[in-house]
Amino acid sequence: MNAPIGYLGDQPLQRLVPADPIVRLEKVSKIFAGRDGSPVTALGEINLSVQQGSILGVIGRSGAGKSTLIRLVNGLEKPSSGRVIVDGADIAVLPEKSLRHARRSIGMIFQHFNLLSSRTAAQNIALPLEVAGYDRAAVKARVEELLALVGLTDKRNRYPSELSGGQKQRVGIARALATKPKVLLSDEATSALDPETTRSILDLLARINAELGLTILLITHEMAVIRSIAREVAVIEGGHIVEQGDVFDVFTRPQHEVTRSFLADEAGRALPPYVASRLQAEPVAGGQAVLRIGFRGPHATDPVLARLARDLNIEANILAGSVDEIAGRPCGTLVIGVPVGSLARTLDFLKQYGLDTEVLGHVA
Ligand SMILES: Nc1ncnc2c1ncn2[C@@H]1O[C@H](COP(=O)(O)OP(=O)(O)OP(=O)(O)O)[C@@H](O)[C@H]1O
């Protein structure tokens, strides 16, 4: 949450306009030399802003450019062109000493944790504080605070080999937060964890964001990660951001094919194989039209099919469906089959309720 900008009586006044983005990529390109010397464009003229206190998720397939993007933000790579601004400083042009200083306001967590095996949990967390020159007493106090924050006080003297994956990631998070960064970068931080542990790590990140107001920029190839904690999403493909915006809007009304294909893998959206294998583009006489209905917000639980039957006498077959929550707002998807002769009336009817519809095809 933004800090109050003043007080009216004893009521804090919040900023009325959004704060400046804490991370801003302006027309950033990164071109590598390929094996044969030919150029490989990992990122092409990307624009991306992360607002202070927000959680932005960047999702893309393997090779889309996610790692390159995050390495540019922490200064491990320099852009071929464009500007990478973090907390007001252009990371790409900072001299080495200033870059080291700027990195203290950027924490990072990794898929494989990157802990030092010869150091205990507490000693791993202490490392960035020692490098930053904190005295022993300050290091000790801060480490205890961080161990408590991530729920590992009783594991302070354990070595990484004695910790579970989730515990190792908690140490990673505590270490990343040690120097009180303003931005936390997360590079596939839950990809090596089982679903339950993933949940607990995502809950921890959401709590840190809410309680400390820490901005989080995460990259992932998993829709579920974005769905559960991100507020904004950017979809990256072939080095370009093909779609971005509020998670709820992008996921309930995806505009780009890549976003749709990520969503298609999710439960409730996928067609059952016996329907998918028979689906064709052209209507079949006496057959059914297959359509997807998207329910957003208050309409998510409307009994729309019952009304379709009652008001228009059209009986729909339910082929797939789910009701879910994105960023705390209900949404649902339903795939139905209706007699092909009733398709136009069905679409009109659903439109009256403000529902999104998409005709997927036809079956005999
Ligand atoms: N150091 C490099 N030298 C040459 N090409 C590179 C280098 N780093 C990345 N690339 C290329 O840039 C493109 C983007 O790579 P990047 O690692 O950023 O993708 P990614 O989305 O993180 O993929 P993954 O999820 O598999 O890690 C790929 O085509 C990759 O081969």
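**View 1. Glu45 in strand 4 of the predicted model.** Glu45 lies in strand 4, and the model shown here and in the views that follow is a predicted one. Take a look at the backbone here: phi of Glu45 is near 50°, a positive value in a residue other than glycine. How exposed is Glu45? With 15 C-beta neighbours inside 10 Å, Glu45 counts as partly exposed, because a residue is called buried at 20 or more such neighbours and exposed at 12 or fewer.

**View 2. The open sheet that contains strand 4.** Stepping back from Glu45, we meet four strands in an open sheet with the order 4-3-6-7 and antiparallel pairing. Which strands stand at the edges? They are strand 4 (39-51) and strand 7 (89-90), each of which pairs on one side only. Further in, strand 3 (residues 21-33) and strand 6 (residues 81-86) run antiparallel and are joined by five bridges. A handy place to start tracing this pair is Val23, which stands opposite Val86 in strand 6.

**View 3. The stretch annotated in UniProt.** Residue 23 also opens an annotated region: an unreviewed UniProt entry carries the annotation "domain: ABC transporter" for residues 23-263. Over residues 23-263 the chain is 38% helix and 28% strand. The C-alpha atoms at the two ends of this stretch are 27 Å apart.

**View 4. Helix 1 and the glycine after it.** Helix 1 spans residues 66-73, and six of its eight residues are buried, so the helix is largely enclosed by the rest of the structure. Which residues of helix 1 are the buried ones? They are Lys66, Thr68, Leu69, Ile70, Leu72 and Val73. Following the chain onward, you will find Gly75 after helix 1, with a positive phi near 80°.

**View 5. Phe113 in a loop.** Phe113 sits in the loop between strand 8 (106-110) and helix 3 (121-131). Its phi is near 70°, a positive value in a residue other than glycine. Is Phe113 buried or exposed? Phe113 is buried, because 20 other C-beta atoms lie within 10 Å, and 20 is the count at which a residue qualifies as buried.

**View 6. Helix 5 packed against helix 6.** Helix 5 (residues 165-177) and helix 6 (residues 195-212) pack at an angle of about 20°, and their axes are 10 Å apart. That angle makes helix 5 roughly parallel to helix 6, since angles under 35 degrees count as roughly parallel. The crossing of the two helices is right-handed. Which residues make the contact? Helix 5 contributes Gly165, Gly166, Gln169, Arg170 and Ile173, while helix 6 contributes Thr197, Ser200, Ile201 and Leu204.

**View 7. An open sheet with the order 14-15-13-16.** Here four strands form an open sheet in the order 14-15-13-16, with antiparallel pairing. Strand 14 (317-326) and strand 16 (356-363) are at the edges; each has a single partner strand, so one side of each is left without a neighbour in the sheet. From one strand to the next, the twist averages 15°.

**View 8. Strand 13 beside strand 16.** This closer look at the sheet of View 7 picks out strand 13 (residues 288-296), which pairs with strand 16 in the antiparallel sense. How many bridges link the two strands? The pairing runs over seven bridges. To find your bearings along the pair, look for Ile293, which stands opposite Thr357 in strand 16.

How values were computed:
Residues are numbered from 1 along each chain as its sequence is written. This is a predicted model: local features need pLDDT of at least 70, side-chain atom pairs count only at pLDDT 80 or more; totals for chains, interfaces and linings use all residues. Two strands pair if DSSP finds at least two bridges between them. UniProt positions are given in the numbering used here, feature names are shortened, and annotations may be inferred rather than shown by experiment. Axes are lines fitted to C-alpha atoms, for helices over the stretch in contact, and angles run from 0 to 180 degrees between N-to-C directions. Angles under 35 degrees count as roughly parallel, over 145 as roughly antiparallel, 65 to 115 as roughly perpendicular and the rest as oblique. A crossing is left-handed if the near helix is turned anticlockwise from the far one by less than a right angle, and right-handed if clockwise. Two residues are in contact if their C-beta atoms, placed from the backbone, lie within 7 Å.
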